[in-house]
Amino acid sequence: MTLTMTSYSAASIDPLGKGLGTVPSASVPLAQAANLEWNLLDEDVSLPAAVLYEERIEHNLKWMQAFVAEYGVKLAPHGKTTMAPQLFRRQIETGAWGITLATAHQTRAAYHGGIERVLMANQLVGKHNMAMIAELLSDPDFEFFCLVDSVDGVDQLGAFFKAAGRRLQVLIELGVAGGRTGVRDDAQLEAVLSAIARHEGTLLLAGIELYEGILADEQAVRAFLRRAVGTTARLAADGRFQRTPAVLSGAGSAWYDVVAEEFAAQSQAGAIEVVLRPGCYLTHDVGVYKKAQSDILARNPIAKKMGEALLPALQLWAYVQSIPEPDRAIVGFGKRDAAFDAGMPIPARHYRPGAGAAQPRAVARQEGWEVTGMMDQHAYLRIPAGADLKVGDMLAFDISHPCLTFDKWRQLLVVDSNYRVKEVVETFF
C-alpha cells in the first residue's frame, strides 16, 4: 500500500485501558501481550474484562470458510461486529475475499489495519466521507465498493469523485417495501442505472447487493434473492456491469445458508462473483445468533454434515463485589461493558482465586443463577439460597449480540485454554 499505516503498526497496549493488566510502558505492541505473562485466573488483569477464546475463534474461522467453500462462493465478513483490524486480518488469512463495513470511518480503520478490499454495505453520503474514500483510492492496490439506490446519491458521488479524479465502483442495492435502503421496483432501478450511465468513466457499476436480514420469513427471503438473481442476469446479459466478474452480494448472520443456496449457481457460471457477508460467526453467542445457527443447522444439509458448529468465543469476566441478600449478588459489570438489547448476559463459569482449582467450574442455567437487571457498572445476579459464592469470586458471562458488546471495549484479551493472555485486540468504533 502507498498510504502510511503508522496508526496501526505503532498500536500498543493502552496502560490506562480497562480490562488489562499492568503495562510497563505505553510501547508494548498489541501482539506482544504474551510476553507480559498475564493469566486471567491469577488476577493479573483488571476486571471486568472482555475475553476472546483463541481456540474457539480459530474453530469458527475455519468452519465458516469451509461452509462457503462447499458452495463455491466468497466470504466478506461484516467487520462492524468487532471493528478489530487484527481480527479482520485473521479472517483474510483464513481465506476471506474481503471485509464488509458500514461507514467511511470503518473503512479507513480497516485500510490502516492492512485490509486491501472493502465492500461498504451502505450508501456513501457526505463530502468528508467521500473525501476519506477518495484518499484511500489513491492506493491502486485498494479495492472498494459502496452502494447506491437513488439518483441523488449517484449524482452526488459522480460529481465528487470526478472532481477528485477518482473512479468509484458501485453496487446497486435492492430493497423491499417497508424495509431499509435499496431500490423497490424496476422503475427506481432504471432511474439509478440511467444516473450511473451519466457519470461514465467515474462511476463503475460493479454488481448488485441486498440485505435479506430485514425479512423474517424464509419464503420471502427466497423470493427477494431470486429477484436479485434475475436482475443480475438481466444486467449481465445487457452488458451493464463494468467489473469482471460482477459482484452479487447478500447474507447477514441469520440467512447466509439460504443466500448460498440461491446464489451458488451464479458463482458456478463464472461471470458472477458471489460474496456472502455474515459477521457474528467469528465469536458467535448464546442468544440471538445461537438461535439463528440452530435454524441453519435444522434446514441446511451442508451445515449438518460439518461436525461441531459455531462456538461462543466471547465472555465477560467480572468480580462478585457484594452479596447483600441471600438470593442476590452484585457483580462488577454493567451496561457499559456488555450488550443487553437482546437478552441479559448469562452466568457461565465460576472461579475462586486462591482456592487451588486449575479451571473454573461451569455454571448450569438450571442451577438458578440469572442476571435480572443491569445498571451502568452493576449487574444484579439472582442466586439460589445457600449458593457457594463469595465476594471476590470471579464469574464469566456469556452474551447475546456480540456487536453491542465489542463496541464497549477499546481492547479485548485473547486467551488460550489455560487462560493465559496471548494477545490484546484493539477496536476502532
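Trainee: How do the residues of the lining of the second largest pocket divide into nonpolar, polar and charged?

Mentor: Keep in mind that we're reading a predicted model. The split is 10 nonpolar, two polar and seven charged. That lining has 19 residues in total, and Val286, Pro312, Gln315, Ala348 and Asp398 are the ones nearest the centre of the pocket.

Trainee: Which elements give two or more residues to the lining of the second largest pocket?

Mentor: Strand E12 (346-351) and strand E13 (361-362) do. E12 supplies the largest share, four residues. As for the space itself, the second largest pocket has a volume of about 300 Å³.

Trainee: OK, and what volume does the largest pocket have?

Mentor: About 420 Å³. There are 25 lining residues, and His78, Lys80, Arg180, Tyr211 and Gly252 sit closest to the centre of this largest pocket. Sorted by class, its lining comes out as 11 nonpolar, nine polar and five charged residues.

Trainee: Which strand gives the most to the lining of the largest pocket?

Mentor: Strand E4, residues 117-123, with three residues.

Trainee: Let's go to the cavities. How many of 30 Å³ or more does the structure hold?

Mentor: Two. A cavity is a space where the probe fits but cannot get out, whereas a pocket is open. Here the largest cavity has a volume of about 70 Å³, and the second largest holds about 50 Å³ of space.

Trainee: Which residues line the largest cavity?

Mentor: Met64, Ser253, Tyr256, Pro278, Cys280, Tyr281, His284, Tyr289, Ala292, Gln293 and Leu310. Helix H10 (residues 288-299) gives the most, three residues. By class you get eight nonpolar, three polar and no charged residues.

Trainee: And how many charged residues are in the lining of the second largest cavity?

Mentor: Three, alongside five nonpolar and three polar. Among the residues lining this cavity are Glu173, Arg180, Arg184, Tyr211 and Phe224. You've met two of those names already: Arg180 and Tyr211 are also among the residues closest to the centre of the largest pocket.

Trainee: Now helix packing. At what angle do H2 and H9 pack?

Mentor: In general, a pair of packed helices is described by the angle between the axes and the distance between them. For helix H2 (residues 54-71) and helix H9 (residues 256-269), the angle is about 45 degrees and the axes are 8 Å apart. At that angle, H2 is therefore oblique to H9.

Trainee: Which residues of H2 meet H9?

Mentor: Trp63, Met64, Phe67 and Tyr71. On the H9 side they meet Tyr256, Asp257, Ala260, Glu261, Ala264 and Gln268. The contact has seven nonpolar, one polar and two charged residues. Met64 and Tyr256 turn up in the lining of the largest cavity as well.

Trainee: Last one, the sheet. In what order do its eight strands run?

Mentor: To read a sheet, follow which strand pairs with which. This open sheet goes E2-E9-E8-E7-E6-E5-E4-E3, with parallel pairing. Strand E2 (74-75) and strand E3 (99-101) are the edges, each pairing on one side only. Between E2 and strand E9 (residues 272-276) there are two bridges in the parallel sense, and Lys74 stands opposite Val275 in E9.

Trainee: Which strands does helix H8 touch?

Mentor: Helix H8 (residues 218-237) packs on the sheet and touches strand E6 (168-174), strand E7 (203-210), strand E8 (246-250) and E9. The direction of H8 makes about 155 degrees with that of E7.

Definitions and conventions:
Residues are numbered from 1 along each chain as its sequence is written. This is a predicted model: local features need pLDDT of at least 70, side-chain atom pairs count only at pLDDT 80 or more; totals for chains, interfaces and linings use all residues. Side-chain values use heavy atoms; hydrogens and water are left out. On a 1 Å grid over the protein atoms alone, a cavity is a set of points where a 1.4 Å probe fits but cannot get out, and a pocket is an open set with protein on both sides within 12 Å along at least five of seven lines; lining residues have an atom within 4 Å of a point. Grid points are joined across faces, edges and corners, and a volume is the space filled by probe spheres set on the points. Ala, Val, Leu, Ile, Met, Phe, Trp, Tyr, Cys and Pro count as nonpolar, Asp, Glu, Lys and Arg as charged, and the others, Gly among them, as polar. Axes are lines fitted to C-alpha atoms, for helices over the stretch in contact, and angles run from 0 to 180 degrees between N-to-C directions. Angles under 35 degrees count as roughly parallel, over 145 as roughly antiparallel, 65 to 115 as roughly perpendicular and the rest as oblique. Contact means heavy atoms within 4.5 Å. Two strands pair if DSSP finds at least two bridges between them.
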